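Please find below my comments on this entry, written as numbered points for a colleague who works at the bench. They are best read with the coordinates open alongside.

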Amino acid sequence: MSRVLKRSWLATLVCLSLLISTLVPALAAPVGPSSQDEAIEFLKLHGIVQGDEFGRINEDSNITRAELAKIAVAASGQAELAPILANAVRFADARGHWGAGYIELGARMGLLKGRDANTFDPDANISYAEVYTILLRMVGREPLGPWSPATIMQTAAELGLAPSVGAEALANLPAVRGVIFESLARAMTTLPLADGKTLAQKHFDDQPPVLTLSGSIPEATVAESVTISGTATGAKAVLVNGLQAVFQNGQFSAVVPLQPGPNEITVEAYDLAGNVASK
């Protein structure tokens with residue numbers, strides 16, 4: 001006589017009820033922006049980059065040292081302090097400049113340095129190696145030892161900020177706005193600080209997506225698989241048992257194979273800032 005082996009689908013997390021819980025940021029799988037356009041929209045949403053008088057981002061133009069100072073300070077959540085320091089800027093050539101407060105604040109934060117004690121050269125182009133040095137300082141990842149463009153570019157590439165191929169060839173070239181905006185958004189959303197939070201979580205968005213599962217959950221089933229579906233408002237990606245679910249327009253679904261005996265199924269919804277909700 002044959003016997004049907006039941007597959008229990010009562011997971012540890014479901015034995016009482018499905019409760020939403022926010023995981024600590026360090027456990028979040030960083031997703032980061034998937035395109036330059038998404039990165040720019042993220043930075044615009046939080047007021048870190050702004051268009052010109054016509055609303056243009058000018059992503060194909062070179063970025064200046066003063067512009068980089070402004071976005072570095074803004075991305076660190078300190079932009080409101082910049083006007084206070086506009087008249088106290090230490091660099092003679094930045095006095096009266098529109099970016100004076102950002103330059104002084106960035107210097108006080110240890111993010112920026114001048115050409116020398118009196119010169120910042122605010123309207124000059126800034127190289128990729130110089131930009132990535134500042135981005136690495138912002139997230140506590142600057143390499144130790146003497147400053148080297150090659151080392152900076154290699155470190156930025158290893159962390160997913162700079163291109164993985166040909167990064168060193170870019171080191172001394174003028175940095176282009178769109179490329180740097182994407183790199184900045186990645187630094188803000190994928191690299192946790194010492195406290196486990198990303199810059200985006202710490203200063204702009206610490207709320208996880210709203211995760212809701214659809215349908216009822218049986219205590220036991222003889223099926224070999226089950227479909228998990230629901231909504232994840234504010235999410236960028238949804239993982240079911242560590243695998244990416246089909247996710248469109250805030251709705252997700254995934255087919256999960258079941259094994260004989262108890263099965264635990266975990267659904268995690270991640271947003272761009274690194275927040276995660278789990279059921």
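1. Arg137 has a relative accessible area of 19%, and because the cut-off for a buried residue is under 20%, Arg137 counts as buried. Please bear in mind throughout that this is a predicted model, and that the percentage for Arg137 is a computed value. The side chain of Arg137 meets that of Glu142 in a salt bridge, at 3.1 Å from N to O. Glu142 itself is partly exposed, at 31% relative accessibility, so this salt bridge joins a buried residue to a partly exposed one.

2. Arg137 also belongs to the lining of the largest pocket, where Arg137, Lys113, Glu130, Thr133 and Ile134 are the residues that lie nearest the centre. The lining is made up of 14 residues, and the space in this pocket comes to about 260 Å³. Which helix gives the most to the lining of the largest pocket? Helix 4 does, with four residues, while helix 2 and helix 4 each supply at least two. By character, the lining residues divide into seven nonpolar, five charged and two polar.

3. Helix 2, which covers residues 65-75, deserves a comment of its own, because nine of its 11 residues are buried and the helix is therefore largely enclosed by the rest of the structure. The buried residues are Arg65, Ala66, Leu68, Ala69, Ile71, Ala72, Val73, Ala74 and Ala75. Their cover includes helix 3 (100-108), helix 4 (128-138), helix 7 (177-190) and helix 8 (199-203). Just after helix 2, the backbone at Gly77 takes a positive phi of about 75 degrees.

4. Is helix 7 largely enclosed or largely open? It is largely enclosed by the rest of the structure, since 12 of its 14 residues are buried. The buried residues are Arg177, Gly178, Ile180, Phe181, Glu182, Ser183, Leu184, Ala185, Ala187, Met188, Thr189 and Thr190, and they pack against helix 1 (36-45), helix 2, helix 4 and helix 8. From its first C-alpha to its last, helix 7 reaches 20 Å, which is close to the 20 Å expected at 1.5 Å a residue.

5. The structure holds 10 salt bridges, and besides the pairing of Glu142 with Arg137, two others may be worth inspecting in the model. In one of them, the side chains of Arg115 and Asp121 meet at 3.5 Å, N to O. Arg115 counts as partly exposed, at 41% relative accessibility, and Asp121 likewise counts as partly exposed, at 30%.

6. In the other, the side chains of Lys202 and Asp195 meet at 3.6 Å, again N to O. Lys202 has a relative accessible area of 45% and is partly exposed, and Asp195 is also partly exposed, with a relative accessible area of 45%. Separately, Arg90, Glu104 and Arg108 are joined into one network by salt bridges that share partners.

Definitions and conventions: Residues are numbered from 1 along each chain as its sequence is written. This is a predicted model: local features need pLDDT of at least 70, side-chain atom pairs count only at pLDDT 80 or more; totals for chains, interfaces and linings use all residues. Side-chain values use heavy atoms; hydrogens and water are left out. Buried means under 20% relative accessible area, exposed over 50%, partly exposed in between (1.4 Å probe, protein chains only). Contact means heavy atoms within 4.5 Å. On a 1 Å grid over the protein atoms alone, a cavity is a set of points where a 1.4 Å probe fits but cannot get out, and a pocket is an open set with protein on both sides within 12 Å along at least five of seven lines; lining residues have an atom within 4 Å of a point. Grid points are joined across faces, edges and corners, and a volume is the space filled by probe spheres set on the points. Ala, Val, Leu, Ile, Met, Phe, Trp, Tyr, Cys and Pro count as nonpolar, Asp, Glu, Lys and Arg as charged, and the others, Gly among them, as polar. The expected span of a helix is 1.5 Å times one less than its number of residues. A salt bridge is a side-chain nitrogen of Lys or Arg within 4 Å of a carboxyl oxygen of Asp or Glu.
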